[in-house]
Amino acid sequence: MKVYNFSAGPGMLPEEVKLEAQKDFVDYKGSGMSVTEMSHRSKWYDEIHMSALNDLRTLMNIPEDYYILFVQGGASQQFSAVPLNLLVKGKADYVVTGNFSGKAAKEAVKFGDIVVQATSKDKNFTYIPEGVRFRDDIDYVHICQNNTIFGSRYTARTYPVANAPIVADMSSMILSEEVDVTKYGLIYAGAQKNVAPAGLTIVIVRKDLVGHERADCPVMLSYKTQADADSLYNTPPCFTIYMAGLVFKYLLKLGGVKEIQKINEYKAGLLYDFIDNSDFYHNYVNPADRSLMNVPFVCASDELNAKFVKEAAENGLVSIKGHKLVGGMRASIYNAMPVEGVKKLIEFMKKFETENK
Ligand SMILES: Cc1ncc(COP(=O)(O)O)c(C=O)c1O
């Protein structure tokens with residue numbers, strides 16, 4: 001059965017990327033080998049690796065004074081790597097707008113003087129704090145650009161103003177909308193939502209911030225280690241990088257991030273409009289702070305929510321159960337979710353409402 005997968009991550013990949021990978025899987029372009037079994041020092045892999053780096057630079061318009069690093073350990077490993085590499089004065093400010101930024105702050109406390117300057121916990125993370133004041137003598141400000149569980153996101157209105165580099169966790173929105181990389185000191189993102197299968201984390205870091213890591217920073221967590229080796233210090237997740245490369249080429253062919261952003265705005269608009277015009281479904285996120293990628297919604301009772309999740313799956317709309325911190329449902333509509341998938345979901349929501357009102 002054809003299904004639409006609303007999983008928060010790993011998320012859907014574009015159909016044509018999966019078909020291309022299938023074609024290459026056993027014999028990569030006449031090499032006689034699969035990418036899964038070829039040396040990361042081979043000429044074939046070198047080409048895959050370097051073109052993935054270059055294509056990402058083009059897609060996100062990343063200036064030459066930024067390194068792009070392909071690392072492992074998930075976005076969660078960056079919760080430690082960021083303070084280990086960037087704390088020079090030993091101080092950083094965090095904004096906690098959800099589960100993952102909370103985890104990042106908790107981890108950073110081990111390494112320096114960390115202050116959570118604002119949080120939206122008071123309203124179960126349904127908004128992004130505005131006008132937050134930061135200390136003057138800090139190494140960086142850390143934010144999570146899109147809150148996967150709670151369905152909120154930073155926009156120009158809430159973008160932090162600070163006298164220090166901004167570090168952003170973009171795991172659940174990278175490549176979904178245009179961002180001005182020059183406004184950030186460091187961006188990191190686990191690949192498994194908008195980019196590739198799990199196993200790869202992308203780090204984009206301004207070159208002047210690299211090379212000041214603590215003496216006890218493990219070699220594998222040092223940005224300098226990876227920057228000096230073009231992210232080939234050790235064996236990288238070759239197949240995941242190959243898949244990321246295919247997704248980058250797919251996006252370039254589509255017209256870049258600008259084009260996919262239009263589609264994402266359209267998809268999210270359809271779903272939010274439908275929810276807002278219904279008194280059967282509710283989304284509690286401040287409308288100006290709503291995520292384009294993760295759309296949580298609830299019905300009036302836990303029983304109805306459970307029934308919705310079950311019947312949605314029977315209708316080919318899978319992995320739509322919300323995170324336990326929010327309950328209800330969450331439709332993750334990453335880049336690879338076709339417009340048709342969102343329309344199918346809305347049709348199902350209408351039918352479910354009629355049958356259960
Ligand atoms: C915003 C955000 N940050 C961090 C993480 C953790 O990522 P990983 O599982 O790659 O460590 C996730 C995972 O869902 C996420 O959504």
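The ligand in this model has a shell made of Gly9, Gly74, Ala75, Ser76, Phe100, Cys144, Thr148, Asp169, Ser171, Ser172 and Gly190. A residue belongs to the shell if its C-beta atom, placed from the backbone, lies within 6 Å of the ligand. The model is a predicted one: local features need pLDDT of at least 70, side-chain atom pairs count only at pLDDT 80 or more, and totals for chains, interfaces and linings use all residues. Residues are numbered from 1 along each chain as its sequence is written.

Sorted by class, the shell around the ligand holds three nonpolar, seven polar and one charged residues. Here Ala, Val, Leu, Ile, Met, Phe, Trp, Tyr, Cys and Pro count as nonpolar, Asp, Glu, Lys and Arg as charged, and the others, Gly among them, as polar.

**Helix α3**

Which helix gives the most to the shell around the ligand? It is α3 (residues 74–86), with three residues. Helices (H or I, at least four residues) and strands (E, at least two) are DSSP runs, numbered from the N terminus.

The length of α3 works out nicely: at 1.5 Å a residue its 13 residues should span 18 Å, and its end C-alpha atoms are 18 Å apart, which agrees. The expected span is 1.5 Å times one less than the number of residues in the helix. Even so, α3 bends by about 30° at Ser80, and a proline, Pro83, follows within four residues. The bend is the angle between axes fitted to the seven residues ending at a residue and the seven starting there.

Buried residues of α3 are Ala75, Gln78, Phe79, Ala81, Val82, Pro83, Leu84, Asn85 and Leu86. A residue is buried if 20 or more other C-beta atoms lie within 10 Å of its own, exposed if 12 or fewer, and partly exposed in between, with C-beta atoms placed from the backbone.

**Two domains and their contact**

The protein is divided into domain 1 (4–9 + 256–356) and domain 2 (17–254), with bounds that come from an automatic or database domain assignment. Between the C-alpha centres of the two domains there are 26 Å. Across the boundary, 27 residues of domain 1 are in contact with 28 residues of domain 2; contact is counted when the C-beta atoms of two residues, placed from the backbone, lie within 7 Å.

On the side of domain 1 that touches domain 2, the elements giving two or more residues are α7 (257–276) and β11 (294–297). Helix α7 gives the most to that side, with six residues. By class, this side of domain 1 has 13 nonpolar, nine polar and five charged residues.

**Three buried residues**

Let us visit three sites along the chain. Tyr4 sits in strand β1 (residues 4–5) and counts as buried because it has 23 C-beta neighbours inside 10 Å. Leaving out residues up to four places away in sequence, Tyr4 touches Gly316, Leu317, Met337, Gly341 and Lys344.

Thr126 belongs to the loop between β4 (113–119) and β5 (140–144), and with 20 other C-beta atoms within 10 Å it is buried. With the same sequence neighbours left out (up to four places away), Thr126 touches Ser120, Phe150, Ser152, Tyr284, Val285 and Asn286.

Val210 is in the loop between β10 (201–206) and α5 (223–228). It is buried too, with 22 other C-beta atoms within 10 Å. Not counting residues up to four places away in sequence, Val210 touches Tyr67, Val205, Tyr223, Lys224 and Ala227.

Here are some C-alpha to C-alpha separations for these sites.

| Pair | Apart in sequence | Apart in space |
|---|---|---|
| Tyr4 and Lys193 | 189 residues | 14 Å |
| Thr126 and Gly199 | 73 residues | 30 Å |
| Val210 and Tyr284 | 74 residues | 40 Å |

**Backbone points to check**

Most residues other than glycine have a negative phi, and most peptide bonds are trans. Where is there a cis peptide bond? Gly9 and Pro10 are joined by one, with omega about -10°. Pro10 lies in the loop between β1 and α1 (15–24), while Gly9 is one of the residues around the ligand.

Lys29, not a glycine, has a positive phi of about 45°. Its place is the loop between α1 and α2 (43–60), and Lys29 is exposed, with 12 other C-beta atoms within 10 Å. Asp230 also has a positive phi, near 50°. Asp230 is found in the loop between α5 and α6 (238–254), and it is partly exposed, with 16 other C-beta atoms within 10 Å.
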